[in-house]
Each structure stands twice: as C-alpha cells, then as structure tokens.
Amino acid sequence: MSETLAPPRRPVSGRATPRGALVVRLFGERFSLLVRPRTVLVCLVLVVVSVLTLAVTVTVGDYAIPLEAVPGAILGYGERLDVFFVQGVRLPRALTAIGVGAALGIAGAVFQSLSRNALGSPDIIGFTSGAATGAVLVILVLGAGRLAVSVGAITGGLVTAAIVYLLAMKNGVQGYRLVLVGIGVSAMLGSVRDYLLTRAELTDALGAQIWMIGSLNSRGWGEVAVVWISLLVLAPVLLALGQRLRFMELGDDTARGLGVSISSTQILALATASALTGAAIAVAGPVGFVALAAPQLARRLTRTGGTTLVGSALMGAALLVVADLVALRALAPTQLPVGVVTAVIGGSYLIWLLYTEWRGGRA
C-alpha cells in the first residue's frame with residue numbers, strides 16, 4: 001500500500017495500471033490511492049518484523065517470560081513478576097521504539113522529498129540539532145521535567161525549521177541551499193549545546209550527555225503516549241501532502257502546472273515534520289541515522305521513485321525496534337543506549353550510500 005495519490009486525469013477506479021499497480025478512487029473520485037503489490041508486500045513484511053521483534057523484546061531478558069504468558073500479563077493476570085516486567089518495563093519500551101522509529105522515518109522522508117537529496121534528513125540539515133538544543137536548554141537551565149523537555153524539543157525543532165527555511169529562501173527554497181544552510185545551523189547549535197554542557201553542574205551535564213546519545217532506557221507509558229499521540233495528530237497531515245510532495249519532486253514548474261502551491265506546501269510539510277521530529281527526540285533523545293536510512297531503504301525495497309511515507313514509517317519502526325533489541329542483549333546484562341547501535345548501523349549505511357553515489361557519478 002502506498003500513500004501516493006494519482007493525478008485526477010480520468011476515472012480508473014479498480015483498473016490495473018501497465019505496471020501491475022492499482023488505482024482506487026475514494027469519496028466520489030476526490031481522493032485516489034495507488035496500490036502496488038510489491039509495496040504492500042514490503043509493508044506487510046516490515047509489520048511482521050516489528051511485531052516479532054516486539055514479542056522477543058517482551059519475553060527475553062535476565063528474567064525470561066514464556067510467550068504464552070505475555071497476553072495474560074498484558075491484561076494483568078498471571079505471575080506478579082510477569083505482569084511487572086511486561087506492563088511496566090518491556091512493553092512500553094518496545095512501543096516507544098516503534099513509535100519513535102515511525103516518526104523519524106516519515107519525517108525523514110518528508111525532508112528528503114523537500115530537499116530532493118538523499119542526505120536531506122533531520123540529522124544532517126539541523127532540525128534534530130534544533131530539537132536537541134531546545135531540550136538540553138530546558139534540562140540544564142530550567143531543570144524541568146519530561147513534559148517541559150518535550151515542549152522544549154518541539155519548540156527547538158520548529159524554531160530551527162523557521163530559521164533554516166528563511167535563510168534558504170531565495171526565489172523559492174532549493175534543496176541544495178536547504179541542506180547547506182541546515183548543516184551550518186546544525187554546527188552553530190552544536191556549539192551552543194557544548195557551551196551549555198561546560199557551564200552546567202557535573203550531574204546535570206552527565207544526564208544531558210547521556211540523553212543526547214539517544215536512549216530508550218526506563219521509558220514508560222508517558223513516553224508512549226507522547227510519541228503515539230504526536231503520530232496520530234501529525235502523520236495524517238503529512239500523508240495528506242503526499243501527492244503534492246511527489247509532484248514537487250518533478251520540479252517546481254511542473255508542480256505549479258499541476259496546481260500545487262509550492263510555498264504553502266513547503267511551509268506546512270516542514271513545520272509538521274519538524275514538530276514530529278521534536279516529539280520523537282523529546283521521548284528518546286536525538287537517535288541518529290534512522291531518519292536518514294529508513295526512507296532510502298524503503299524506496300529501494302519498494303522500487304518506487306518518489307516519496308514513500310507509509311513505507312518509510314514502517315521501515316523506521318522496524319529499524320529502531322530491532323536496534324533497541326540489539327542494544328538490550330548485545331552486551332547483556334549491560335544495556336547500551338540505542339543511539340550507539342543506530343550510529344553504527346547508520347554510519348555504515350551512509351558510507352555505502354556515499355560510495356554508490358560516487359560510483360554513479362552523482363557525488
């Protein structure tokens with residue numbers, strides 16, 4: 001299944017396209033859904049991977065829980081330790097990983113679509129740094145709790161998005177300018193964070209530094225609520241923009257000819273994706289490379305040439321929940337921050353991506 005909307009040329013409801021895809025029109029021909037069998041298969045596989053990994057995460061550990069005991073523990077029945085570990089520790093952590101991964105995946109796809117650049121993810125072009133700086137400012141200066149940290153991260157992401165957009169705007173926003181300005185803003189924000197860390201108390205600085213690596217340790221139902229409510233509110237907005245984003249990937253002139261308002265689409269998509277990035281970072285810290293790798297992997301697996309928002313979200317969820325399981329069990333009983341695992345995986349992917357771009361003469 002793909003969120004891509006087909007241009008309203010003629011009624012083709014229920015008919016197969018030449019490549020085997022199917023265009024289904026909804027709500028009296030006002031909306032259309034392009035369904036590709038390969039995309040549906042990839043999405044189903046990613047869902048299965050996420051669910052199976054969640055099941056393994058809930059059952060394994062120093063205190064092992066039989067799989068058949070998990071449904072009862074979720075409902076509050078069975079052994080007290082089973083209920084405690086499932087409800088209070090493992091299930092909220094796994095659900096947080098899936099939600100954060102989905103949020104970063106779909107946000108990364110939007111940023112890459114707007115910049116028309118495989119490197120145009122929140123990690124690279126400064127929005128992750130903006131959200132992280134806002135959260136660190138709240139942690140170190142205000143000493144506030146998790147709710148205030150969430151607000152600080154979302155605010156930091158939105159403010160950074162506005163600054164980068166305004167600095168990159170000259171006869172419209174071009175992808176390469178967005179990337180270059182974002183990298184510069186990210187470097188400056190990194191300096192601000194480093195300065196704040198040097199001026200903070202040792203205990204506060206250590207806590208902020210651990211948070212900045214990206215971690216899902218000790219995440220509970222409050223974090224689950226934050227990230228999943230953000231997804232339910234913001235992801236539909238981005239999915240509704242899917243058709244416009246695909247048209248804009250064809251070029252601004254072509255998009256205008258198809259009736260797309262370039263500026264309003266850029267502003268709305270940028271603000272929504274930045275807010276979603278901020279919500280994910282507020283919950284798990286600046287987990288690296290998921291937003292960069294998930295959209296590209298989803299696009300390669302589905303073999304689609306444009307924005308794949310649903311596939312990117314599912315790929316991000318699968319990547320992060322698998323990475324978190326590795327972080328939990330790789331050096332057990334020591335728990336690694338999940339950001340360490342994603343950095344290793346994402347760094348390897350980035351090297352491979354740059355190599356393939358160089359071999360193809362595109363870099």
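On the other side of helix α8 from its buried residues, L202, T203 and L206 are exposed; exposed denotes over 50% relative accessible area, buried under 20%, and partly exposed the range in between, with a 1.4 Å probe and protein chains only. The model is predicted, so local features need pLDDT of at least 70 and side-chain atom pairs count only at pLDDT 80 or more, whereas totals for chains, interfaces and linings use all residues. Residues are numbered from 1 along each chain as its sequence is written, and side-chain values use heavy atoms, with hydrogens and water left out.

Helix α8 spans residues 202–213. Helices (H or I, at least four residues) and strands (E, at least two) are DSSP runs numbered from the N terminus. The twelve residues of α8 reach 17 Å from the first C-alpha to the last, close to the expected 16 Å; the expected span is 1.5 Å times one less than the number of residues. Its buried residues are A205, A208, W211 and M212. These residues lie on the same side of α8 because they cover an arc of only 125° around the axis, the arc being that of the directions from the helix axis to the C-beta atoms. An α-helix has 3.6 residues a turn, so residues three or four places apart point the same way. Just after α8, G214 takes a positive phi of about 100°.

Helix α8 is also a packing partner of helix α15: the buried residues of α15 pack against α8, α13 (290–302) and α14, where contact means heavy atoms within 4.5 Å. Helix α15 comprises 22 residues, 338–359, and reaches 31 Å from its first C-alpha to its last, close to the 32 Å expected. Its buried residues include V338, V341, G346, Y349, L353 and E357.

Helix α14 leads to the salt bridge. A search of the whole structure finds one such pair, defined as a side-chain nitrogen of Lys or Arg within 4 Å of a carboxyl oxygen of Asp or Glu. It joins D324 with R93, the closest N and O atoms being 2.8 Å apart. The pair links distant parts of the chain, with D324 in α14 and R93 in helix α3 (residues 80–115), 231 residues apart. Both D324 and R93 are buried.

Helix α14 also contributes to the surface. L41, V45, V49, V322 and V326 form a nonpolar patch there, with about 370 Å² of accessible area together. Patches are made of residues with over 30% relative accessible area and no salt bridge, like charges being joined within 9 Å and nonpolar side chains (Val, Leu, Ile, Met, Phe, Trp, Tyr) within 5 Å; accessible areas come from the Shrake-Rupley method with a 1.4 Å probe, and for residues only the protein chains shown count as cover. The elements that give two or more residues to this patch are α1 (37–59) and α14 (309–329), and the largest share, three residues, comes from α1. Within α1 lies L41, which is exposed, with a relative accessible area of 55%.

By contrast, L189 of helix α7 (residues 175–199) is buried, with a relative accessible area of 17%. Beyond its neighbours within four places in sequence, L189 is in contact with G126, S129, G130, T133 and T160. The C-alpha atoms of L189 and T133 are separated by 6.6 Å, although the two residues are 56 residues apart along the chain.

Overall, the protein has 15 helices and three strands, and 51% of its 363 residues count as buried.
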